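Please open the model in your viewer with a cartoon representation, and keep side chains ready to be switched on. The tour goes from the sheet to the helix beside it and then to the charged side chains.

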Amino acid sequence: MQRVCFLLKVRPERLEEYRERHRAVWPEMLDALREAGWRNYSLFLHPDGLLVGYLETEDFEAARAAMAATGVNARWQAEMAPFFEALDGRPDEDMSPLDEVFHLD
């Protein structure tokens, strides 16, 4: 199982709306994430807009590709893109995993 952590930056003026959107993630989006192999997926948001994402999956690139092939993901990413700073495309395309340097099991 791969543990994946990534960073993104939410625009400070959109923080509350970003939180609100994630209190009501579309059921079809949740189903798509599960079907694509995303497990134990969490997002953590700092007051300055720093977003830390964490998930576990068998194969991160395969999980990303599976999500990219869904219509619901394209709709979700299009709606969420304006929330993020410094992105030229969809937020899911800018997710660069951090290197894991320590893990206590």
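Two strands count as paired here if DSSP finds at least two bridges between them. With that in mind, select E2 and E3 in this predicted model: five bridges join these two strands, which run antiparallel. For a single pair to label, take Arg39, whose bridge partner in E3 is Glu56. Follow the chain from E2 into E3 and you pass through a hairpin with four residues between the strands, where Gly49 in the turn has a positive phi of about 100°.

Next, add E1 to the selection. Eight bridges join E1 to E3 (residues 50-57), and this pair, too, runs antiparallel; Leu7 can serve as a marker, since its bridge partner in E3 is Val52. With the three strands displayed together, the sheet is open and has the order E1-E3-E2, with antiparallel pairing. Strand E1 (2-9) and strand E2 (39-45) each have a single partner strand and stand at the edges, so one side of each is left without a neighbour in the sheet. If you look at how the strands are set against each other, neighbouring ones are turned by 15° on average, direction ignored.

Now select helix H1, residues 15-23, which lies across E2 and E3 and runs at about 160° to E2. Show its charged side chains.

Which residue meets Arg21 in a salt bridge? The partner is Glu17, at 3.3 Å from N to O, and because the two are four residues apart in helix H1, they are separated by about one helical turn. Both count as partly exposed, Arg21 at 27% relative accessibility and Glu17 at 35%.

Staying on H1, move to Glu20 and Arg23, whose side chains meet in a salt bridge at 2.9 Å, N to O; these residues lie three apart, about one turn of the helix. Is Arg23 buried or exposed? With a relative accessible area of 53%, Arg23 is exposed, whereas Glu20, at 44%, is partly exposed.

Finally, go to helix H3 (residues 60-68), where Arg64 and Glu61 are three residues apart and so separated by about one helical turn. Arg64 forms a salt bridge with Glu61, the closest N and O atoms being 3.9 Å apart. To end the tour, select Arg14, Glu17, Arg21 and Glu79, which salt bridges that share partners join into one network; a search of the whole structure finds nine salt bridges.

Notes: Residues numbered from 1 in each chain as written. Predicted model: local features only at pLDDT ≥ 70, side-chain atom pairs only at ≥ 80, totals over all residues. Heavy atoms only, no water. Axes fitted to C-alpha atoms, helices over the stretch in contact; angles between N-to-C directions. Contact = heavy atoms within 4.5 Å. Buried < 20%, exposed > 50% of the residue type's maximum accessible area, 1.4 Å probe, protein only.
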